[in-house]
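Biologist: Before planning any bench work, I should like to go through this model with you. Could we take the overall fold and then the metal sites?

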Amino acid sequence: MHTLNADLHSHSNVSDGTLGPAAVAERAAVFGVELWALTDHDELSGQHEARAAALAQGMGYLSGVEVSVSFADETVHIVGLGVDIDDAPLAAGLAATRAGRRTRAERMADSLARAGIAGAFEGALAYVGNPELISRTHFARLLVARGVCPDLSTVFRTYLTAGKPGWVEHRWARLGDAVRWITGAGGIAVIAHPGRYTRLGPSAEYALFSEFVAHGGRGVEVMTGGHGEAERRRFADMAREFGLLASRGSDFHSPAESRTELGALPGLPGSLTPVWQALAHRIAWPAGGAQSAGAARSPALA
Ligand code: AMP
Ligand code: MN
Ligand code: MN
Ligand code: MN
């Protein structure tokens, strides 16, 4: 088993998390994370704060982003790790991906209004930390606060998923574009939480992995908050079959909401190659770490 405590998937209030980037970093350090990446949805504006806070907390840092992609009938998330956050094509691609969110949110609010829930757009905006990033999560928090549903997963099940009031179809980025934005910015593209794409049947799932690799994608999350033991095994097998690097990330959003704490997942199986070993040159370590002569501070990339 790989022993480095890496958590390479988490969110701040720059997207749909509830804590600021520095507060997520502090919490990650408290829970023993040694190498961290903040991966906000379609957005890089938290990266400077995250990196500085990670180094101040004594953790290594990899830049990160989680890109929303439409593939077949499913929304698929592609995490980019180790990207150059000043890369212009990546920034333009993410801006284009964010652009439709406001109109989508207005349509979601219209749909909720027809179901008897009024004022949801303005209500959800009160939960938004970044006006360019209104997400379903912000609507879900509003409906819980109003007492419409007891918790977020009930909101998603009852209102915000396909066929339910509050759901609107949306076209996100194309798979090949997302992978190219990430790899063009010097990063590695990783399929996020593959166990969650239940609208894909086995053959569409196989197509997702095949096309992802053909476009230059190189990693898959094996250890993620959403996976049970069977999915961990299944996607470890998929990683071997497709020659993919393995990643580990909690997908932490909020202390009150997230079932999986930062840094708390089991380590990756020793038979897989961790994505961070291929990204050693992109990791920022705290002063006194691997990039300075002492090399005392940074853990071995095991
Ligand atoms: P959006 O990008 O606006 O479609 O929102 C997607 C986000 O909704 C995901 O990144 C999750 O944070 C959240 N989400 C999706 N399904 C659920 C669920 N069943 N329970 C809680 N949060 C969810
Ligand atoms: Mn989210
Ligand atoms: Mn996701
Ligand atoms: Mn996520």
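The exchange below goes through the chain as a whole, its manganese sites and some residues in its loops.

Biologist: Which radius of gyration does the protein chain have, against the value for a compact globule?

Modeller: Please note that this is a predicted model. The C-alpha atoms fill a box of roughly 60 × 40 × 40 Å along the principal axes. For 302 residues, a compact globule would be near 19 Å, and the chain agrees with this, its radius of gyration being 19 Å.

Biologist: How many helices and strands are there in the protein chain?

Modeller: The elements are brought together by contacts across the sequence: among those between residues at least 6 apart, 72% join residues at least 24 apart. Of the 302 residues, 55% count as buried. The protein chain has 10 helices and 9 strands.

Biologist: How far apart are the mean positions of the positive and negative charges?

Modeller: The accessible surface comes to about 12,100 Å², with 52% of it belonging to carbon and sulfur atoms. As for charges, the chain has 27 positive and 31 negative ones. Their mean positions are separated by 3 Å.

Biologist: Which residues coordinate the manganese ion (ligand 4)?

Modeller: The spacing of the donor residues in sequence is H-x1-H-x54-E-x184-D. The coordinating atoms are NE2 for both histidines, OE for the glutamate and OD for the aspartate, at 2.1 to 2.2 Å. The residues are therefore His 9, His 11, Glu 66 and Asp 251.

Biologist: How many residues apart are His 9 and Asp 251?

Modeller: His 9 is in the loop between strand E1 (6–7) and helix H1 (21–30), whereas Asp 251 is in the segment after strand E9 (245–249). His 9 is buried at a relative accessible area of 0%, and Asp 251 is buried at 10%. The pair links distant parts of the chain, 242 residues apart.

Biologist: Which residues coordinate the manganese ion (ligand 3)?

Modeller: The donor residues follow the spacing E-x10-H-x115-H. Glu 66 contributes OE, while the histidines contribute ND1 and NE2, at 2.1 to 2.2 Å. Glu 66 is also a donor to the manganese ion (ligand 4). The residues at ligand 3 are Glu 66, His 77 and His 193.

Biologist: Where do His 77 and His 193 lie, and how far apart in sequence are the parts they tie together?

Modeller: Both His 77 and His 193 are buried. His 77 lies in strand E5 (residues 74–81), and His 193 in the loop between strand E7 (188–191) and helix H9 (202–214). The pair therefore ties together parts that are 116 residues apart.

Biologist: What distance separates the manganese ion (ligand 3) from the manganese ion (ligand 2)?

Modeller: The manganese ion (ligand 2) is 4.5 Å from the manganese ion (ligand 4). Its separation from the manganese ion (ligand 3) is 5.4 Å.

Biologist: Is Ser 12 buried or exposed?

Modeller: Ser 12 lies in the loop between E1 and H1. Beyond its neighbours within four places in sequence, its contacts include Gly 17, Leu 19, Pro 21, Leu 38 and Asp 40. Its relative accessibility is 0%, under the 20% cut-off, so Ser 12 counts as buried.

Biologist: What is the value of phi for Asp 42?

Modeller: Asp 42 is found in the loop between strand E2 (35–36) and helix H2 (47–56), and it is buried at 0% relative accessible area. Asp 251 also has a positive phi, near 60°. For Asp 42, a residue other than glycine, phi is positive and near 55°.

Notes. Residues are numbered from 1 along each chain as its sequence is written. Chains are lettered from A and ligands numbered from 1 in the order in which they are written. This is a predicted model: local features need pLDDT of at least 70, side-chain atom pairs count only at pLDDT 80 or more; totals for chains, interfaces and linings use all residues. Side-chain values use heavy atoms; hydrogens and water are left out. Helices (H or I, at least four residues) and strands (E, at least two) are DSSP runs, numbered from the N terminus. The radius of gyration is taken over C-alpha atoms; the globule rule is 2.2 Å times the number of residues to the power 0.38. Buried means under 20% relative accessible area, exposed over 50%, partly exposed in between (1.4 Å probe, protein chains only). Contact means heavy atoms within 4.5 Å. Accessible areas come from the Shrake-Rupley method with a 1.4 Å probe; for residues, only the protein chains shown count as cover. Lys and Arg count as positive and Asp and Glu as negative; His and the chain ends are not counted. The place of a charge is taken as NZ of Lys, CZ of Arg, CG of Asp or CD of Glu. Donors are N, O and S atoms within 2.8 Å of the metal (3.2 Å for Na, K and Ca); water is not among the atoms, so sites may look incomplete.
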